[in-house]
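Biologist: Hello! I am new to this structure and would love a friendly tour. Could you show it to me first?

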Amino acid sequence: MPRFPRRAVAAPVAVAIGLLAAVPAASDEPVLSRPHTVAHFDLAQGQTPESVVAERGGAVDVSFAFARQVVKVTRERRVRVLATLPAEDNPRTPLVNSAVTHGLARAHDGTLYVTYATGTGRTGVWRIPAGGGAPEQIARLPADGLPDGLALDEEHGVLYAADPALGTVWRIRQADGTATAWATGTELTGLPSATGFGVNGIKVHQGAVWVTNTDRATLLRIPVGADGSAGAAETRATGLTGVDDFVFPGHSDLVLAALNPSNEVALVNPDGTRTSVLTVQEGLSNPTSLAVRGRDVFVVSAAYSTQRDPNLLKARLGTHFSRG
């Protein structure tokens with residue numbers, strides 16, 4: 001989530017990704033259909049949705065960056081607060097200067113994990129009990145960092161957190177919160193001449209950790225070694241201006257991503273080509289994150305720079321892209 005000097009907020013970034021050979025030539029089925037707004041949020045209350053994860057049954061969990069909250073949006077469109085992160089009287093958060101909740105990950109038992117950045121000892125990963133309750137810090141990360149995107153690899157008992165301020169991917173043991181700098185390098189850093197936002201969105205997919213770099217407008221794949229170490233980062237797509245979070249709609253390397261400044265969601269092919277599949281006409285307002293459950297695709301928009309209508313949008317994924 002890139003932030004620019006804010007009145008109360010700043011502008012994050014979304015992802016765009018491409019289509020092409022993904023849909024069989026004989027099919028004219030759209031990638032995403034029936035887009036509609038499920039919920040509208042209150043910008044004045046800091047309800048700037050930063051991350052979204054989908055549950056069974058149609059509900060989704062959403063982090064509100066500036067409200068410091070994680071909420072559930074039910075299938076009936078009700079919004080229920082699951083947890084509020086503790087207030088920080090003197091936040092010294094790099095790039096944003098506010099206490100913010102960012103990336104969200106959900107375990108199979110319903111436990112939620114969220115990144116929280118304050119510029120103090122509270123910066124790190126926090127755990128929220130299934131169904132909601134008092135949040136608990138399980139991992140402390142550097143106060144001069146800005147943990148953003150979060151991904152959970154339950155099979156190996158680790159979380160990965162992307163830090164765009166420090167250009168680092170952190171690896172955190174789920175059991176005890178031990179954190180190590182797993183991946184660093186120029187490919188993950190931001191650009192001083194731009195927003196300063198480097199590695200941002202993050203997902204675990206097919207034996208690798210995939211990330212976006214907002215300033216460098218790239219999608220990267222970092223292989224996970226047999227011993228859990230990080231391999232060399234591979235660039236999979238470029239030119240993704242303002243890319244934030246992303247999701248894999250199926251088992252292939254096709255990606256749906258949010259491009260924040262241009263108010264787009266795009267499909268990106270394994271060869272790096274991309275096609276816009278949702279735009280501002282469908283209601284996007286600085287999209288930040290996406291989630292997929294079956295054929296349902298959820299997109300949250302934070303309205304960081306538009307300052308208009310932060311919301312949750314839902315669309316239907318074409319059968320050629322569904323996880324099944």
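Modeller: Gladly! Let us start with a group of charged residues: Glu55, Asp61, Lys72 and Arg106 are linked in a network of salt bridges. This is a predicted model, in which local features need pLDDT of at least 70 and side-chain atom pairs count only at pLDDT 80 or more, while totals for chains, interfaces and linings use all residues. Residues are numbered from 1 along each chain as its sequence is written, and side-chain values use heavy atoms, with hydrogens and water left out.

Biologist: How many salt bridges does the count come to?

Modeller: Side chains of opposite charge can pair when their charged atoms come close. The rule used here asks for a side-chain nitrogen of Lys or Arg within 4 Å of a carboxyl oxygen of Asp or Glu. By that rule the count comes to 15 salt bridges.

Biologist: How far apart are the closest N and O atoms of Arg106 and Asp61?

Modeller: Arg106 sits in strand β6 and Asp61 in strand β3, 45 residues apart. Strands here are DSSP runs (E, at least two residues), numbered from the N terminus. The two residues form a salt bridge, and their closest N and O atoms are separated by 3.5 Å.

Biologist: Is Asp61 buried or exposed?

Modeller: Buried means under 20% relative accessible area, exposed over 50%, and partly exposed in between, with a 1.4 Å probe and protein chains only. Its partner Arg106 has 28% relative accessibility, so Arg106 counts as partly exposed. Asp61 has 0% relative accessibility and therefore counts as buried.

Biologist: Where does Glu55 lie, the residue that Arg106 pairs with across 51 residues?

Modeller: Arg106 forms a salt bridge with Glu55 too, with 3.6 Å between the closest N and O atoms. Glu55 has a relative accessible area of 11%, so it is buried. As for its place in the chain, Glu55 is in the loop between β2 and β3.

Biologist: Why does Gly57 count as exposed?

Modeller: Gly57 also has its place in the loop between β2 and β3. From Gly57 to Thr74 is 17 residues in sequence and 8.9 Å in space, C-alpha to C-alpha. Gly57 counts as exposed because its relative accessibility is 53%.

Biologist: What is the order of the open sheet that has β2 and β5 as edge strands?

Modeller: Two strands pair if DSSP finds at least two bridges between them. β2 (49–54) and β5 (79–84) each pair on one side only, and the twist averages 25° from one strand to the next, using axes fitted to C-alpha atoms and angles that run from 0 to 180 degrees between N-to-C directions. The sheet has 4 strands with antiparallel pairing, in the order β2-β3-β4-β5.

Biologist: Which residue in β3 does Pro49 stand opposite?

Modeller: β2 pairs with β3 (residues 60–64) in the antiparallel sense, over 5 bridges. In this pairing, the residue in β3 opposite Pro49 is Phe64.

Biologist: Which strands stand at the edges of the open sheet β18-β19-β20-β21?

Modeller: This open sheet has 4 strands and antiparallel pairing, with a twist that averages 30° from one strand to the next. β18 and β19 (residues 255–259) pair over 3 bridges, and Val243 stands opposite Leu259 in β19. Each edge strand has a single partner, so one side of each is left without a neighbour in the sheet; these strands are β18 (243–247) and β21 (274–278).

Biologist: How many residues apart are Arg295 and Glu29?

Modeller: These two form a salt bridge, with closest N and O atoms 3.8 Å apart. Arg295 is partly exposed at 25% relative accessibility, and Glu29 is partly exposed at 25% as well. Arg295 lies in the loop between β22 (287–293) and β23 (296–301), whereas Glu29 lies in the segment before β1 (32–40), so the pair links parts of the chain that are distant in sequence, by 266 residues.

Biologist: What is the radius of gyration of the protein chain?

Modeller: The chain holds 0 helices and 24 strands, and 57% of its 324 residues count as buried. The globule rule, 2.2 Å times the number of residues to the power 0.38 with the radius taken over C-alpha atoms, gives 20 Å for this length. The chain's own value is close to that, so it is as compact as a globular protein of that length, with a radius of gyration of 18 Å.
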